[in-house]
Amino acid sequence: MIDFEANRSDKREYLYHSTNTDFVFRKHMHRSFELNYVFAGELLCEVDGHKFSATAGEAVLTLPGQIHSFATETFNESILFIFSNDWVEDFCNDMRGTRFLPPVCRFESDAFVQILCDPRTSKYRIRSVLYDVCSRFYETCDREKANESDYALTNAIAAYIEEHYQEKVTLTGMAEALGYNHCYLSGFFNRHFGVGFSAYVNGYRIQYAKGYLAATDKKITEIASLCGFETIRNFNRIFRQEFGMTPNEYRRLHAGN
């Protein structure tokens, strides 16, 4: 999923979409909105520690800074949208310090999906549709007060990792840059993500590598370096742990997709 994070979080009027079968993605966060609409089956979701599911005809809206993950137990077909905050700036401002519980809403049709996927749709229509989608959540979902300090921290972490993942990034360095205690950030990662900082960053890097393998003919060693891995051995080991295959095997399976 993080392949669409590249050069994206600070880009205005950004809209990305991808269709998925049996969607699975580990806990992560980013600085934009994420919308998942389920065509068929059941999508298992976790947002800010709250677990729920979405079935055919339902959508899940994740706000900027929320920690979320997705899983599949049996089967699902869905489409994912990532859109920058400026598309719905007023809604974004109104939701500060607030979250939906749970952030799932049923739609009578998937007409909005077709509009958002159509490359001929004007930016004015896109903005209107996104506001309409967000208003559906605002009008039908329960809301509660959110921990603004945690959201501020997750947004700062997302920004730092986006900027430095290609370098030798450390928890100590990030703590100093963000003005947080090293032990506090270590506990934050383990508490909210269930993994340590290094494991999270490597997972982030691997998602970039996956995109390069499928969409480019760059050499494996170049991809490893571009994604912040210091040795090809470490890259191959972590890639196999994540996907159960080598980078070359993944490329042969997904090239051109």
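**A few notes on this predicted model**

1. Let's start with tryptophan 87, which is buried, having a relative accessible area of 2%. Keep in mind as you read that this is a predicted model. You'll find tryptophan 87 in the loop between strand 7 and helix 1. With neighbours up to four places away in sequence set aside, tryptophan 87 is in contact with Glu13, Tyr14, Leu15, Lys123, Ile126, Arg127, Leu130 and Tyr131.

2. What does the side chain of tryptophan 87 have 2.9 Å from one of its polar atoms? The backbone oxygen of tyrosine 14 sits there. On the distance side, tryptophan 87 and tyrosine 124 are 37 residues apart along the chain, and their C-alpha atoms are separated by 9.5 Å.

3. Next, valine 88, also placed in the loop between strand 7 and helix 1. Is valine 88 buried or exposed? Its relative accessibility is 0%, so valine 88 counts as buried, the cut-off being under 20%. Beyond residues up to four places away in sequence, valine 88 touches Phe33, Phe83, Leu130, Tyr131 and Cys134. Take leucine 130 from that list: 42 residues separate valine 88 and leucine 130 in sequence, yet in space they are 7.0 Å apart, C-alpha to C-alpha.

4. Aspartate 86 belongs to the loop between strand 7 (76-83) and helix 1 (89-94) too. You might want to check its accessibility: aspartate 86 counts as buried because the value is 11%. Its side chain and that of serine 84 are joined by a polar contact of 2.7 Å. Not counting residues up to four places away in sequence, aspartate 86 touches Lys11, Arg12, Glu13 and Arg127.

5. Glutamate 13 deserves its own look, since it is touched by aspartate 86 and is in contact with tryptophan 87. Glutamate 13 is located in the segment before strand 1 (15-21). Its relative accessible area of 32% makes glutamate 13 partly exposed. The backbone is worth a glance as well: glutamate 13 is not a glycine, but its phi is positive, at about 50 degrees.

6. Two other backbone spots to look at. Aspartate 48 has phi near 50 degrees, again a positive value in a residue other than glycine, and its place is in the loop between strand 3 (33-47) and strand 4 (50-55). Then there is the cis peptide bond from leucine 101 to proline 102, where omega is near -10 degrees. Proline 102 is in the loop between strand 8 (98-100) and strand 9 (104-106).

7. On to the second largest pocket, with a volume of about 460 Å³. Its lining has 21 residues, and the closest to the pocket centre are Pro64, Asn85, Cys92, Arg96 and Asn155. Which element gives the largest share of this lining? That would be helix 4, with 4 residues. Helix 1 and helix 4 (148-164) each supply at least two lining residues. Sorted by class, the lining comes to 8 charged, 7 nonpolar and 6 polar residues.

8. Helix 4 also holds threonine 154. At 2% relative accessibility, threonine 154 counts as buried. Leaving out residues up to four places away in sequence, threonine 154 touches Met29, Gly65, Ile67 and Phe188.

9. Now for the nonpolar cores. In soluble globular proteins, nonpolar side chains tend to be buried together. Here, the largest nonpolar core has 34 residues, of which Ile157, Ile161, Met174, Phe189, Phe197 and Phe235 touch the most other members. Two or more residues each come from helix 4, helix 5 (171-178), helix 6 (182-193), helix 7 (197-215), helix 8 (220-226) and helix 9 (232-243). Helix 7 gives the largest share of this core, 8 residues.

10. To see this core from one residue, pick isoleucine 161: outside its neighbours within four places in sequence, isoleucine 161 is in contact with Phe189, Phe197, Tyr200, Val201 and Tyr204. Another core, of 27 residues, lies apart from the largest one, and its members include Phe81, Met95, Cys105 and Phe137.

11. One last residue, threonine 172, lies in helix 5. Threonine 172 counts as partly exposed, with 39% relative accessibility. Threonine 172 and serine 186 are 14 residues apart along the chain, with 9.3 Å between their C-alpha atoms.

Conventions: Residues are numbered from 1 along each chain as its sequence is written. This is a predicted model: local features need pLDDT of at least 70, side-chain atom pairs count only at pLDDT 80 or more; totals for chains, interfaces and linings use all residues. Side-chain values use heavy atoms; hydrogens and water are left out. Buried means under 20% relative accessible area, exposed over 50%, partly exposed in between (1.4 Å probe, protein chains only). A polar contact is a pair of N or O atoms within 3.5 Å; within protein, one must be able to donate a hydrogen and the other to accept it, and residues adjacent in sequence count only if both atoms are side-chain atoms. Contact means heavy atoms within 4.5 Å. On a 1 Å grid over the protein atoms alone, a cavity is a set of points where a 1.4 Å probe fits but cannot get out, and a pocket is an open set with protein on both sides within 12 Å along at least five of seven lines; lining residues have an atom within 4 Å of a point. Grid points are joined across faces, edges and corners, and a volume is the space filled by probe spheres set on the points. Ala, Val, Leu, Ile, Met, Phe, Trp, Tyr, Cys and Pro count as nonpolar, Asp, Glu, Lys and Arg as charged, and the others, Gly among them, as polar. A nonpolar core is a set of buried Ala, Val, Leu, Ile, Met, Phe, Trp, Tyr and Cys residues joined through side-chain atoms within 4.5 Å.
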